[in-house]
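Q: Please take a close look at the enclosed spaces inside this model. How big are they, and what lines them?

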Amino acid sequence: MKPTDAAVWEERWHPLREEWVIVAAHRQTRPWVGATVGADEAMLPRHDPTCALCPGNARVSGARNPAYSGIFVFDNDHPCVGADAPSEIEQPPAPNASRRAVGVARVICYSPRHDLTLARMSVAEIETVVDTWRRETRDLSARPEVNQVLIFENKGAVVGVSNPHPHGQIYATNFSWKTFDTELEAQRRYAREHEGRALFDDIISAEERDGRRVLYADDHVVAFLPYFARYAYEVYVAPRRRVAHASALSDAETAALARALKAVTVRYDNLWRQSFPYVMPLHQAPTDGGDYRDFHFYIGFLPPLRRPNMLKYLAGPEIGGGNFLCDTAPEAMASELRAVSSTHYEEERPSATAAAPRA
């Protein structure tokens, strides 16, 4: 007898990571006496005079932000890599090694408004964010010290965000990141073993044939919870056309990605009627001039919550063993997201300035 979505208990192959994911959905309702977390419910002002990212405000470096009205990109005042990294590095004895932390670290402010998120921005405003990803990837890729451009957003206090102003970050490094190396080799191997077929094309085809996990689809872009999701509400947003970098996206694909990002983030917030936390990396190939025809660019959402107030903790299986145990079935989680409104709940609230009914 086929189990219901809520009772799925099996192992699923993650073809991009080439590893097994244990899906044990019956564990979602197990007794829990551990820690819980609260939602980010504070009402934020449109402009915060103490915020280092708001227009016109001073940053810790002493620089003052311009009175920007759209996107604002600047070099991070606390960079993990950069031109000021020490150049004289003492070498440890083998097998250890060290080198200079060269690269570029930047911040992308999505909006001058302190109180917005992607879910509350217009599609046109989100499109300017995606276009900035295109431009920054292109410009940073041309630098000789950069071998990969990692663009990401951390959203929500539970993932360690110290400033709620809508923003993302860029780490352009002299090395390629492990996750993307793994995905690249998986896609290359799949092409070799399947007569040149593209892995991500087959993933998209499988998702659309099944249909249960698809959240958004148009002629250019598809968004879905992958069959092999490791996090409860993990979502992939991908162009249908295979490109290796954001810089290769067409204008039509950029606009479509903006629509898909709006659709996904609104459903996230509407799920529990709260600002939904996540880590959102852009999966791109290295930029060192290699052959990356097999790599398929996509945007991933990795939300840390599996219930409104409960984190997915990474513990023995994930940190110790290196494979994920997922306490939920992707089909059930997709059903929850598909069931909520596509209009943000904040926009459905009656205006505070609306006239009160007569007695």
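**The cavities and their linings**

A: The second largest cavity has a volume of about 30 Å³ (the space filled by probe spheres set on the grid points, joined across faces, edges and corners). A cavity here is a set of points, on a 1 Å grid over the protein atoms alone, where a 1.4 Å probe fits but cannot get out. The model is predicted: local features need pLDDT of at least 70 and side-chain atom pairs 80 or more, while totals for chains, interfaces and linings use all residues. Residues are numbered from 1 along each chain as its sequence is written, and side-chain values use heavy atoms, without hydrogens and water.

Lining residues have an atom within 4 Å of a point. For the second largest cavity they are Arg230, Tyr231, Ala232, Arg306, Lys312, Cys326, Asp327 and Thr328. Four of these are charged, three nonpolar and one polar. The charged ones are Arg230, Arg306, Lys312 and Asp327. Tyr231, Ala232 and Cys326 count as nonpolar. Thr328 is the polar one.

Now the largest cavity. It holds about 50 Å³ of space. Val37, Gly38, Ala39, Asp40, Val158, Gln274, Ser275, Pro277 and Leu305 line the largest cavity. That lining has five nonpolar residues, three polar and one charged. Val37, Ala39, Val158, Pro277 and Leu305 are the nonpolar ones. Gly38, Gln274 and Ser275 count as polar. Asp40 carries the charged label.

In total, the count is two cavities of 30 Å³ or more.

Technical notes: 1 Å grid on protein atoms, 1.4 Å probe; cavity = no way out; pocket = protein on both sides within 12 Å on 5 of 7 lines; lining within 4 Å.
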